[in-house]
Amino acid sequence: SSMVNNGGIIEILADTVQNLGNIMANAKGNTGSQGNGGQISIKGNNIVLADTSKIKANAKEQGNGGQVIVLSNKKTEVSGTIEAKGGKTSGNGGFVETSSKEVLAISSTAKVDTSANNSAGKAGTWLLDPMDLVITTSFAQVISDALQNNNITVQVQGNICSGGNCTQNGSGNLTIDQGVTITKTGSNRTVLTFLADGTFFNYGTINQAAGSVLEVVIQAQDVN
């Protein structure tokens, strides 16, 4: 019999998805077993993950974190917890995507964890991929908390046109609002990446606490 007990695959597809409970694709098995986190895909026109929502695709003892994809056509609202953590003794963090072809709203209660969950592994990545985005004070706090153990990529897209038809109608601008501060704490090295089809407006501050390590990458049509 196999000693590998990977998490399963969960796919949810509907016009409107609202989750107030638990969606789990964690690795299985006894103490010391190997197993990667599973795969969870949630797609719809409108997606609401309430503050009681818990979505997890974690490894158990030895293994990599899984993958969680949340993608809407119109609006994605995230207020709950999403995890794709590595194993307690070995393994790397997984991948979480919270995206929308139009509007992405991240509440102050949202928590995303793609940590390795052990001293030897590498942090995973949280991808945020909306049409246009303004990072407010409460949003920045969620990013700051996540940066302790997650690489974060914020990718903003504008119009996507083919054959005269556009599937989006945005500027592709990414803005850190005035007075907003994003702060990296903790000793784990992580990367904060900003990608914008339009202009990256930074009216705030990105800094790191003493003893922390943060790499910042900015790629945009223009930087203001």
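Me: Buried means under 20% relative accessible area, exposed over 50%, and partly exposed in between, with a 1.4 Å probe and protein chains only. Which side chains along strand β8 are buried?

Reply: This is a predicted model, in which local features need pLDDT of at least 70, side-chain atom pairs count only at pLDDT 80 or more, and totals for chains, interfaces and linings use all residues. Residues are numbered from 1 along each chain as its sequence is written, and side-chain values use heavy atoms, with hydrogens and water left out. Strands are DSSP runs of E with at least two residues, numbered from the N terminus. In β8 (residues 103–106) the side chains alternate: Val103 and Ala105 point to one face and are not buried, while the buried ones on the other face are Leu104 and Ile106.

Me: In β8, which residue is the bridge partner of valine 78?

Reply: Strands β5 and β8 run parallel and are joined by four bridges; two strands count as paired if DSSP finds at least two bridges between them. Across this pairing, valine 78 has as its bridge partner in β8 isoleucine 106.

Me: What is the order of the four strands in the open sheet?

Reply: The pairing in this sheet is parallel. Read across, the four strands run β2-β4-β6-β9.

Me: Which are the edge strands?

Reply: The open sheet has the order β2-β4-β6-β9. An edge strand pairs on one side only, and this holds for β2 (22–24) and β9 (111–113).

Me: By how many degrees are neighbouring strands of this sheet turned against each other on average?

Reply: Axes are lines fitted to C-alpha atoms, and angles run from 0 to 180 degrees between N-to-C directions. With direction ignored, the average turn between neighbours in this sheet is 5°.

Me: Which residue in β6 stands opposite lysine 56?

Reply: Strand β4 (residues 54–56) pairs with strand β6 (residues 81–83) in the parallel sense over three bridges. Opposite lysine 56 in β6 stands glutamate 83.

Me: How many residues apart are glutamate 83 and lysine 56?

Reply: A salt bridge is a side-chain nitrogen of Lys or Arg within 4 Å of a carboxyl oxygen of Asp or Glu, and the side chains of glutamate 83 and lysine 56 form one at 4.0 Å, N to O. The pair links distant parts of the chain, with a separation in residues of 27.

Me: Are glutamate 83 and lysine 56 buried or exposed?

Reply: The two side chains meet in a salt bridge. Both residues, glutamate 83 and lysine 56, are buried.

Me: Lysine 75 forms a salt bridge with which residue?

Reply: Lysine 75 is partly exposed because its relative accessibility is 32%. Its closest N and O atoms to the partner are 4.0 Å apart, and the structure holds four salt bridges. Here the partner is glutamate 77.

Me: How far apart are the closest N and O atoms of glutamate 215 and arginine 189?

Reply: Glutamate 215 counts as partly exposed, at 33% relative accessibility. In its salt bridge with arginine 189 the closest N and O atoms have a distance of 2.5 Å.

Me: The side chain of serine 212 reaches the backbone oxygen of which residue at 2.6 Å?

Reply: Serine 212, in the loop between β18 (205–208) and β19, is buried because its relative accessible area is 7%. A polar contact is a pair of N or O atoms within 3.5 Å; within protein, one must be able to donate a hydrogen and the other to accept it, and residues adjacent in sequence count only if both atoms are side-chain atoms. The serine 212 side chain reaches the backbone oxygen of lysine 184 at 3.2 Å. At 2.6 Å it reaches the backbone oxygen of alanine 209.

Me: The side chain of asparagine 58 reaches the backbone nitrogen of which residue?

Reply: Asparagine 58 is in the loop between β4 and β5 (67–78) and counts as buried at 8% relative accessibility. At 3.4 Å its side chain reaches the backbone nitrogen of alanine 84.

Me: What is the phi of asparagine 117?

Reply: Most residues other than glycine have a negative phi. Asparagine 117, in the loop between β9 and β10 (125–129), is partly exposed at 34% relative accessible area. Although it is not a glycine, its phi is positive, at about 70°.
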